[in-house]
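I opened this model to see how the chain is put together. I went from the overall fold down to single side chains, and noted each thing as I looked it up.

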Amino acid sequence: TKRLVVEIDGGIHNYQKEYDKNRDKFFSELGYTVLRFKASDIENEIKKVVEEISHKLSARPFSLPRRRVGMR
């Protein structure tokens, strides 16, 4: 399992930066890497987006989530 989250951010994300930050932190604590792309990048630069995702997938080793002591 590569544990990769790909987020596509539209215009609404300009107004929910704190929410996105907390969401990224949540996934990170579960052992996921979050990649964020603007919707315009998907529309105009899809080849670069796919290359970046492919690179992350090939470079990211398998990892288990880190558990905090005393937490369930």
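**Entry 1: the unit at the start.** I began with the fold. S1, H1 and S2 form a right-handed β-α-β unit. I am working with a predicted model, not an experimental one.

**Entry 2: the whole chain.** I then stepped back. I count three helices and two strands. Their order along the sequence is β-α-β-α-α. The chain has 72 residues, and 19% of them count as buried. About 6000 Å² of the chain is exposed, with 54% of that area coming from carbon and sulfur atoms. I also checked the contacts with a separation of 6 or more: 72% of them join residues 24 or more positions apart.

**Entry 3: how the strands pair.** In which sense do S1 and S2 pair? I find the parallel sense, over six bridges. I looked up two of the partners in S2. Valine 5 has valine 34 as its bridge partner. Valine 6 has leucine 35.

**Entry 4: the faces of the strands.** I kept one rule in mind here. In a regular strand, side chains alternate between the two faces of the sheet. S2 shows this alternation. Thr33, Leu35 and Phe37 point to one face and are buried. Val34, Arg36 and Lys38 point to the other face and are not buried. For S1 I noted a covered face made of Val5, Glu7 and Asp9. The uncovered face of S1 has Leu4, Val6 and Ile8.

**Entry 5: isoleucine 8.** I picked one residue from the uncovered face of S1. Isoleucine 8 sits in strand S1. Its relative accessible area is 48%, so isoleucine 8 is partly exposed. What does isoleucine 8 touch, leaving out residues up to four places away in sequence? I find His13, Phe37, Ala39 and Ile42. I also took a distance to serine 40. Isoleucine 8 and serine 40 are 32 residues apart in sequence, yet their C-alpha atoms are 9.2 Å apart in space.

**Entry 6: helix H1.** H1 covers residues 17-29, which makes 13 residues. From first C-alpha to last, H1 reaches 18 Å. That is close to the 18 Å expected at 1.5 Å a residue. After H1 comes glycine 31, with a positive phi near 95°.

**Entry 7: another positive phi.** I also looked at arginine 3. Its phi is near 55°, a positive value in a residue that is not glycine. Arginine 3 belongs to the segment before S1. At 17% relative accessibility, arginine 3 counts as buried.

**Entry 8: salt bridges.** Side chains of opposite charge can pair when their charged atoms come close. How many salt bridges does the count come to? I get five. I went through several of them.

Arginine 36 and aspartate 9 meet through their side chains at 2.7 Å, N to O. Arginine 36 lies in strand S2 (residues 33-38) and aspartate 9 in strand S1 (residues 4-9), so this pair ties together parts 27 residues apart in sequence. I checked how covered each partner is. Aspartate 9 is buried, at 14% relative accessibility. Arginine 36 is partly exposed, at 25%.

Aspartate 24 also forms a salt bridge with arginine 36, at 3.0 Å, N to O. Why does this pair tie together parts that are 12 residues apart in sequence? Because aspartate 24 lies in helix H1 and arginine 36 in strand S2. Aspartate 24 is partly exposed, with 23% relative accessible area.

I then looked for a wider network. Salt bridges link Asp9, Asp20, Asp24 and Arg36 in one.

**Entry 9: a salt bridge between glutamate and lysine.** Glutamate 45 and lysine 48 meet through their side chains at 3.7 Å, N to O. Buried, partly exposed or exposed: which class does each fall in? Glutamate 45 is partly exposed, with a relative accessible area of 34%. Lysine 48 is exposed, at 57%.

**Entry 10: what I keep.** My main picture is the right-handed β-α-β unit of S1, H1 and S2. Arginine 36 in S2 has salt bridges to aspartate 9 and to aspartate 24.

Terms used. Residues are numbered from 1 along each chain as its sequence is written. This is a predicted model: local features need pLDDT of at least 70, side-chain atom pairs count only at pLDDT 80 or more; totals for chains, interfaces and linings use all residues. Side-chain values use heavy atoms; hydrogens and water are left out. Helices (H or I, at least four residues) and strands (E, at least two) are DSSP runs, numbered from the N terminus. Buried means under 20% relative accessible area, exposed over 50%, partly exposed in between (1.4 Å probe, protein chains only). Contact means heavy atoms within 4.5 Å. Accessible areas come from the Shrake-Rupley method with a 1.4 Å probe; for residues, only the protein chains shown count as cover. The expected span of a helix is 1.5 Å times one less than its number of residues. A salt bridge is a side-chain nitrogen of Lys or Arg within 4 Å of a carboxyl oxygen of Asp or Glu. Two strands pair if DSSP finds at least two bridges between them. A crossover is right-handed if, with the strands pointing away from the viewer, the path from the first strand over the helix to the second runs clockwise.
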